[in-house]
Every structure is written in structure tokens, then in C-alpha cells.
Amino acid sequence: MSGVGSRGGWIKAGARVLALAAFACLAACATQRPFAAQGPAPAPRSTMRPYEVGGVWYYPAQQPHYDEVGLASWYGYGDGYGCRATASGEQMDPAALTAAHKTLPLPSIVEVTNLENGRKVRVRVNDRGPFVAGRIIDLSPAAAEKLGIYGKGSAKVRVKYVGPAEPKSGFTPAAWRPFSHGGCG
């Protein structure tokens with residue numbers, strides 16, 4: 001007896017149902033975009049509109065001759081910062097050479113020189129900030145490490161605009177996700 005009514009038949013039928021359910025789940029999961037809501041991809045964010053933070057208005061603009069000396073700091077990830085989307089819609093990545101600036105076009109490339117040790121690095125500006133008095137740029141941990149700022153927290157730097165950054169290939173804007181101790185993924 002090998003029909004569905006037999007014990008072996010029920011087991012085989014159950015295994016088929018489980019296999020079909022697993023396949024359907026995998027097919028559905030494969031079509032979902034990570035870090036994004038279902039439906040059409042969001043429109044690119046406008047990063048050149050004036051905006052307000054803490055009662056202060058900022059006016060992003062093209063600044064081809066931008067060259068400024070001031071204080072740089074780096075942003076941390078203990079508060080969920082590292083798993084959120086940047087102002088340009090890219091997901092923050094602590095290992096990438098990125099930065100935040102209040103008014104430069106997003107995304108753009110700047111050269112940052114640590115005036116205390118002479119180290120230089122080019123970074124992708126893809127976020128807004130810093131919103132702390134006296135600071136001109138916030139660096140990712142990777143950029144801060146390359147410049148020798150990571151251990152100190154801040155340093156006097158020179159920031160020079162290089163030009164617009166190329167869009168990331170295959171870029172899909174990220175959505176904010178809360179921080180978990182296991183990382184962002």
C-alpha cells in the first residue's frame with residue numbers, strides 16, 4: 001500500500017507540500033528589495049533644498065572653489081546611526097570613506113587634509129552635518145582612521161572640493177533601520 005492513505009504516502013505528500021511552501025517563500029523573498037519598502041523605488045532625494053536643523057537654516061549650493069580650514073570630527077554608530085540612510089539616500093557604511101557636510105552638493109568628492117599630521121584622503125560626501133558648533137565636516141570611522149583622527153575624536157583639517165561624485169552603480173535608496181548589536185544586515 002503506497003497510496004496517500006498509507007503512512008508512507010502521507011509522509012511523501014507532506015514532504016511535497018513543505019517543499020512547495022519553501023520554494024514559494026524563497027521565490028517571494030528573492031523579489032524583495034533589502035532595506036526598502038515594497039512597491040516602486042522611491043524617487044531620488046533632493047539634496048539641494050534649504051533645510052533647518054536646531055533653528056538654523058542651511059542653504060546647499062554648488063561650490064566649485066570650496067576650500068575651508070576648520071575642525072573635523074567623526075560620527076559613531078552606538079545609537080543606530082550606522083544603520084540609517086544618509087541624506088543622499090545611501091546606507092551608512094562605517095568602512096567606506098564617506099563624510100557629512102552642511103552645504104556641499106550630494107554626492108560629491110572632497111579632499112580632507114589633517115593639518116596636524118599631513119595625512120590626506122578623498123572622501124564621498126553623502127550626508128548632511130555636522131551640526132555641532134565649530135565643525136566643518138563629519139567623517140566616517142574609516143576616513144577618520146586613515147587621517148589619524150579616530151583615536152582623538154577631532155582634528156584641524158583643510159577640506160577642498162574636488163567635484164561631483166559618480167552615482168553608485170545599482171544604487172537603490174536605503175531606508176532607515178534601527179540599530180542592532182549584530183550590525184545592519
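## Exercises on strand S8, Ser 88 and a cavity

Gly 163 in S8 is the bridge partner of Ile 109, in a model that is predicted.

**Exercise 1.** Starting from this bridge, determine which strand pairs with S8 over 7 bridges, and in which sense.

*Solution.* The strand to consider is S5, residues 108-114, which pairs with S8 in the antiparallel sense over 7 bridges. The next step is to turn to S3, residues 67-74, which also pairs with S8, residues 154-164, over 7 bridges in the antiparallel sense. Within this second pairing, Ser 73 stands opposite Ser 154 of S8.

**Exercise 2.** Decide whether Ser 88 is buried or exposed, and identify the polar partners of its side chain.

*Solution.* First locate the residue: Ser 88 belongs to the loop that runs between S3 and strand S4 (98-100). Its relative accessibility is 13%, and because buried means under 20%, Ser 88 counts as buried. Turning to its contacts, the side chain of Ser 88 makes a polar contact with the side chain of Thr 86 at 3.0 Å, while a polar atom of the Ser 88 side chain lies 3.0 Å from the backbone oxygen of Asn 126.

**Exercise 3.** Establish how many cavities of 30 Å³ or more the whole structure holds, and describe the lining of the largest cavity.

*Solution.* The search of the whole structure finds 1 such cavity, and the volume of the largest cavity is about 50 Å³. Its lining comprises 11 residues, of which Gln 91, Met 92, Asp 93, Thr 98 and Asn 126 lie nearest the centre. Sorted by class, the lining has 4 nonpolar, 4 polar and 3 charged residues.

Conventions: Residues are numbered from 1 along each chain as its sequence is written. This is a predicted model: local features need pLDDT of at least 70, side-chain atom pairs count only at pLDDT 80 or more; totals for chains, interfaces and linings use all residues. Side-chain values use heavy atoms; hydrogens and water are left out. Two strands pair if DSSP finds at least two bridges between them. Helices (H or I, at least four residues) and strands (E, at least two) are DSSP runs, numbered from the N terminus. Buried means under 20% relative accessible area, exposed over 50%, partly exposed in between (1.4 Å probe, protein chains only). A polar contact is a pair of N or O atoms within 3.5 Å; within protein, one must be able to donate a hydrogen and the other to accept it, and residues adjacent in sequence count only if both atoms are side-chain atoms. On a 1 Å grid over the protein atoms alone, a cavity is a set of points where a 1.4 Å probe fits but cannot get out, and a pocket is an open set with protein on both sides within 12 Å along at least five of seven lines; lining residues have an atom within 4 Å of a point. Grid points are joined across faces, edges and corners, and a volume is the space filled by probe spheres set on the points. Ala, Val, Leu, Ile, Met, Phe, Trp, Tyr, Cys and Pro count as nonpolar, Asp, Glu, Lys and Arg as charged, and the others, Gly among them, as polar.
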